[in-house]
Amino acid sequence: MNFGIVVFPGSNCDRDCYYVIKEILNQPVRFIWHQETDLNGIDCVILPGGFSYGDYLRAGAIARFSPVMSEVKEFADRGGLIVGICNGFQILTEAGLLPGALGRNKGLKFICRYVSLRVERNDTPFTTEYRRGDIIRMPIAHNEGNYYIDNPDKIRNQVVLRYYGENPNGAIDDIAGIVNERGNVFGLMPHPERCSEKILGSEDGLKIFKSIVRAL
Amino acid sequence: MKKVKLIYEGKAKRVYSTEEDDKFIIEFKDSATAFDGLKKAEIQGKGEANCAISSKIFELLTIKGVRNHYIERLNEREMLVRSVKIFPIEVIIRNRVAGSMAKRLGLEEGRKLEKPILEFCYKSDELHDPMINEDHISALGLASPEELITIKDTSLKTNQILIEFFKLCHLDLVDMKFEFGKDSSGEIYLADEISPDTCRLWELGTTESWDKDRFRRDLGGVEEAYNEVKKRVLETPVESKTRILIRLKQGILDAQGSVILNALKSLGFNEVLEVRVGKLLEIKLDRKVDEAGRIERMCKELLANPVMEDYEWEWIEE
């Protein structure tokens, strides 16, 4: 199970992801610089959080032009597993790999705190370690997490995580994480890599990485 | 757009009606005549060169706010234009002494004029396009006084724009001929073509011709001249600006707009009902008018996120 973590200029959660995969799960992992075009041997690509390209124009709008992204698209077409976390989720929507868009938080503030989430699907390669209906806690840290799609009914079956109890950013239908129709591309606003060790207050996020390992 | 019927054939062009009443297709021919048809020849590539040159120049004039009949270039030899009724007047504008003016007044070719001179000729092949003045035009009803003002103003403005543009092509605009027409609603358009057939162009700083004089005066290198002008004109960038406005779609909560609305109300501006905040982009480009579709693509593919944003754009005329 080889993980590849794409590093864009402005990524800042790349090392956290690396640490979880390498040190906690003992899985092989390498960084993929955004100008690389070789995804050979990679089983799962992670687009980490951060502020790729300074969030210029719109969050995630410029990263999709990085050379690595055309490879990432092909990787998705081949059925490879892709996880976009926070800014990674924004990049996936901008690149057209996931439907919808992430707009500015309803309250116009950057929000950085734990939220409660409900696991809506545990039949994706990213969530088999959970039970459907599990209420979990993960931190969010974003300014543009207000998920929008003109017709949320169309993706009802693709919703994997919903904000539970309180919707922090105005996301339509409380959506916090979705997969594509095929189920191999996952985008989520919460940061599982920040809650994968007890010492950090929660391990609820680790199950996402464990699910991926189990899937392959 | 298909050609329907040949409605006019001139020395260098054919004009066809189309399926739409308000549009004509102009086809540029390779044939050239001079001295009222006494001298004739086929100049290889002239039609294509003139079509390309005219298209680019009309595009430039559109950017600069000169209303003209050009709509788009259809292919190497044809352009789509607005159908207009041509005034029976040729407008000649001169920046230097040359051609018939030199002959008529016994002046040396090349002398720079203190200010541009406008001349009018009555369009008539049999009469050899005799020169007329503004009184002839109004007394004979060739154009109304208001129309003549528009024609004169447009000619002078176009002359200034083209002097600058040709300078960038390292060419000196010595003189040129315009024709004007009006559409069914009476709007006046600069029409015909603008090419080495209708302009005297000299290599900047010399009296070396890059125009039809090469043919009139048997100077040789006629084909090369048309191609050289075409090359220079096409290579010279035409800068224009477009303003793009991007806003959240109606129906999506514009949180910033709501906060601003409340702030305005707290200052007593109770008449404010709604505030929408957007992004304004000004983009400078080297463009051709027929590439308007490319701005749409820029908006759709990058500048706006069509899932949540609407956009609108306009050319900024100078």
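Modeller: A quick definition to start: helices are DSSP runs of H or I with at least four residues, strands are runs of E with at least two, and both are numbered from the N terminus. Also, bear in mind that this is a predicted model.

Colleague: Got it. How many helices and strands make up the secondary structure of chain A?

Modeller: Chain A has 216 residues, and 53% of them count as buried. Of its contacts with a separation of 6 or more, 73% are between residues 24 or more positions apart. As for the secondary structure of chain A, the tally is 4 helices and 11 strands.

Colleague: And what share of the residues in chain B is buried?

Modeller: Chain B comes to 8 helices and 18 strands. Among its contacts between residues at least 6 apart, 58% join residues at least 24 apart. Chain B has 318 residues, and the buried share is 33%.

Colleague: Let's look at where the chains touch. How many residues of chain B are in contact with chain A?

Modeller: On the chain A side, 11 residues take part in the contact with chain B. By class, that side of chain A has 5 nonpolar, 3 polar and 3 charged residues. From chain B, the number in contact with chain A is 9.

Colleague: Now the inside. Which helix of chain A gives the most to the largest nonpolar core?

Modeller: That core has 70 residues, and A:Val6, A:Val45, A:Ile46 and A:Ile82 touch the most other members. Leaving out residues up to four places away in sequence, A:Ile82 touches A:Val72, A:Phe75 and A:Ala76, among others. With 5 residues in the core, the helix that gives the most is α2 (residues 67-77).

Colleague: Why do the buried residues of that helix line one face?

Modeller: The buried residues of α2(A) are A:Val68, A:Met69, A:Glu71, A:Val72, A:Phe75 and A:Ala76. An α-helix has 3.6 residues a turn, so residues three or four places apart point the same way. Seen down the axis of α2(A), the buried residues line one face because they fall within an arc of 160°.

Colleague: Which exposed residues sit on the face of α2(A) turned away from its buried side?

Modeller: The buried residues of α2(A) have cover that includes β1 (3-7), β2, β3 (44-47), β4 and β11 (185-188) of chain A. The face turned away from them carries the exposed residues A:Pro67, A:Glu74 and A:Asp77.

Colleague: I noticed A:Asn26 and A:Cys86, each with a positive phi. Is A:Cys86 buried or exposed?

Modeller: A:Asn26 has phi near 55° and isn't a glycine; A:Asn26 lies in the loop between α1 (14-24) and β2 (29-33) of chain A. A:Asn26 is exposed, as there are 9 other C-beta atoms within 10 Å. A:Cys86 is in the loop between β4 (81-85) and α3 (87-94). It takes 20 or more C-beta neighbours to count as buried, and A:Cys86 has 29 inside 10 Å, so A:Cys86 is buried.

Colleague: Over to chain B. Which are the edge strands of the open sheet with 5 strands?

Modeller: The order of this open sheet is β11-β10-β9-β12-β15, with antiparallel pairing. Inside it, β9 (residues 89-96) and β10 (residues 112-122) pair over 7 bridges, and B:Ile89 stands opposite B:Tyr122. The strands that pair on one side only, the edges, are β11 (131-132) and β15 (199-203).

Colleague: How many residues of strand β1 in chain B are buried?

Modeller: β1(B) runs antiparallel to β2 (residues 13-18) of chain B, and 5 bridges join them. The link between them is a hairpin of 3 residues, and B:Lys5 has B:Ser17 as its bridge partner. β1(B) lies largely in the open, because of its 7 residues the number buried is 0.

Colleague: One last thing: how far does helix α4 of chain B reach from its first C-alpha to its last?

Modeller: Helix α4 (residues 145-168) of chain B has buried residues including B:Leu148, B:Ile151, B:Leu162 and B:Phe166. Just past the helix comes B:His170, with a positive phi near 60°. With 24 residues, α4(B) would be expected to span 34 Å at 1.5 Å a residue, and close to that, its reach is 35 Å.

Conventions: Residues are numbered from 1 along each chain as its sequence is written. Chains are lettered from A and ligands numbered from 1 in the order in which they are written. This is a predicted model: local features need pLDDT of at least 70, side-chain atom pairs count only at pLDDT 80 or more; totals for chains, interfaces and linings use all residues. Two residues are in contact if their C-beta atoms, placed from the backbone, lie within 7 Å. Ala, Val, Leu, Ile, Met, Phe, Trp, Tyr, Cys and Pro count as nonpolar, Asp, Glu, Lys and Arg as charged, and the others, Gly among them, as polar. A nonpolar core is a set of buried Ala, Val, Leu, Ile, Met, Phe, Trp, Tyr and Cys residues joined through C-beta atoms within 7 Å. A residue is buried if 20 or more other C-beta atoms lie within 10 Å of its own, exposed if 12 or fewer, and partly exposed in between; C-beta atoms are placed from the backbone. Two strands pair if DSSP finds at least two bridges between them. The arc is that of the directions from the helix axis to the C-beta atoms. The expected span of a helix is 1.5 Å times one less than its number of residues.
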